Amino acid sequence: MKDTKTNAEASTIKEDALKDFAKYVNPQKARILKNAGLDIIEGKREGARVWDMAGREYIDCISSAGCFNVGRRNPDVVAALKAALDEFDQGVFVFCHKPQADLSKKLAEITPGELRYTMFGSGGGEINDFAIKLARGFTLKTEIISTINAYHGHTGFSLSAIGREEYKKPFYPLIPGFKQVPYNDLKAMEEAMTPDTAAVIIEPVQGEGGIHPADDDYLRGLRRLCDQHEAVLIFDEIQTGFGRTGKMFCAEHSGVVPDIMTLGKSLGGGVYPITAAVYREELGDFLVTNPFIHLSTFGGSDLGCIVGLATIEILIRHRLPEHAALMGERFHAGFDRLIPKYPDLLLETRRKGLMMGLQFTNPSIGPRMTYQLAQNGVLALYTGNDPTVMRLMPPLVIKPQEVDRVLEALDKSMAAIMAQGGVEKY
Ligand SMILES: Cc1ncc(COP(=O)(O)O)c(C=O)c1O
């Protein structure tokens with residue numbers, strides 16, 4: 001980005017934008033971000049890095065919870081979108097589209113097992129809504145089982161499926177027929193399932209819940225239980241998909257093929273919203289009688305599908321899932337050095353590829369680490385449902401030197417918290 005503004009001009013524009021945000025968007029949000037040291041306005045973005053418009057450089061370990069797997073403003077994605085704009089717009093949503101056919105075909109090729117058809121959306125909650133509707137419509141059953149601390153989005157069916165009361169409480173009555181059981185606990189799931197169970201929806205790594213990877217045997221057990229009860233198994237891979245966990249899809253680690261896989265975030269290459277639910281051919285029977293029963297004006301637009309195809313092509317060409325696995329190991333070695341150094345702060349780390357969580361000893365540490373890390377040039381947030389866990393999800397294109405910089409910033413940030421009196425003071 002060519003930027004001819006002086007620092008003083010850029011700072012004024014930034015301050016004005018923050019003031020207008022507080023005045024016209026949400027004052028409380030602006031206050032919280034300021035207190036967290038995250039009152040930045042993103043300017044230049046490139047690879048794993050982002051610059052505050054006032055000039056400060058950061059490594060982006062927030063990545064909008066997994067939107068920037070191919071990097072910030074990946075030049076090939078940007079070029080694909082620019083070229084598409086010479087010819088396309090979003091398209092008329094009721095028509096058959098060539099880019100949609102191309103992307104669906106590609107998704108059928110790269111997703112595991114016999115997943116075949118795709119429904120598109122523009123948001124993750126919306127596409128999980130569809131997955132749950134499809135499960136109910138196909139099975140003619142009503143019960144949906146999800147897990148405590150799960151996150152599937154803030155829309156109707158998805159909100160009913162999430163496992164955090166705080167998000168749901170003001171909106172009761174929600175959609176009936178939903179229940180939550182503890183994560184990674186097969187016995188609890190077995191006891192909860194009934195002949196009326198339509199679907200089990202699960203994140204193969206709980207993201208907002210605090211970065212908890214599911215055991216492979218648990219996922220295999222879920223597959224078996226769903227088969228026994230003729231229920232649909234839905235994997236919500238909105239965060240874990242597209243190389244994040246070191247494989248193209250997290251399902252590949254366990255070899256379990258769900259009946260529906262929902263995808264979002266990085267499918268849009270960080271530049272254009274698009275989400276997808278890829279499902280087994282048999283489930284398509286439900287849509288035969290009414291192919292228009294679920295619609296999305298913006299979902300599966302021509303531009304979004306072209307961007308999605310470019311993104312997948314980049315992930316494959318640059319072997320980004322393999323790179324994520326390697327960089328994840330580099331982080332892991334660094335975490336192993338930090339745990340004994342800060343035993344009062346850091347309990348353990350959990351990780352699958354570059355989906356990483358640092359489990360702290362006290363809920364005050366997550367927010368304080370967010371602040372300290374920002375001071376040390378790293379953007380990172382504690383998880384939505386658990387402030388004792390700091391989530392690190394950098395773009396998969398992160399370089400070894402950038403990994404080392406993040407590790408150094410973690411070290412400095414924990415040292416600063418210890419210097420302030422550690423956990424005792426709070
Ligand atoms: C696992 C998972 N599912 C669903 C969603 C909801 O996606 P969206 O915010 O695009 O509605 C998210 C968002 O963070 C997510 O992490």
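In this predicted model, the largest nonpolar core has 112 residues, and the members that touch the most others are Ala199, Val200, Val232 and Ile234. Helix 13, residues 302–317, supplies the largest share of this core, nine residues. Domain 1 (7–70 + 320–419) and domain 2 (75–317) each contribute residues, so the core lies between the two domains.

Ile234 can serve as an example of a core member. Apart from neighbours within four places in sequence, Ile234 is in contact with Ala131, Ala135, Ala199, Val200, Ile201, Pro258, Asp259, Ile260 and Thr262. Ala199 and Val200 thus appear in this contact list as well as among the core members that touch the most others.

An open sheet is a second feature of the model. Four strands make up this sheet, in the order 13-14-17-16, and their pairing is antiparallel. Strands 13 and 16 stand at the edges with a single partner strand each, so one side of each has no neighbour in the sheet. From one strand to the next, the twist averages 35°.

The elements at the strand 13 end of the sheet are listed here.

| Element | Residues |
|---|---|
| Strand 13 | 346–352 |
| Strand 14 | 355–360 |
| Helix 14 | 320–341 |

Strand 13 and strand 14 run antiparallel and are joined by six bridges. One bridge partner in strand 14 is Gly357, which pairs with Arg350. Helix 14 lies across both strands, and the helix runs at about 170° to strand 13.

How values were computed: Residues are numbered from 1 along each chain as its sequence is written. This is a predicted model: local features need pLDDT of at least 70, side-chain atom pairs count only at pLDDT 80 or more; totals for chains, interfaces and linings use all residues. Two strands pair if DSSP finds at least two bridges between them. Helices (H or I, at least four residues) and strands (E, at least two) are DSSP runs, numbered from the N terminus. Axes are lines fitted to C-alpha atoms, for helices over the stretch in contact, and angles run from 0 to 180 degrees between N-to-C directions. Two residues are in contact if their C-beta atoms, placed from the backbone, lie within 7 Å. A nonpolar core is a set of buried Ala, Val, Leu, Ile, Met, Phe, Trp, Tyr and Cys residues joined through C-beta atoms within 7 Å. A residue is buried if 20 or more other C-beta atoms lie within 10 Å of its own, exposed if 12 or fewer, and partly exposed in between; C-beta atoms are placed from the backbone. Domain bounds come from an automatic or database domain assignment.
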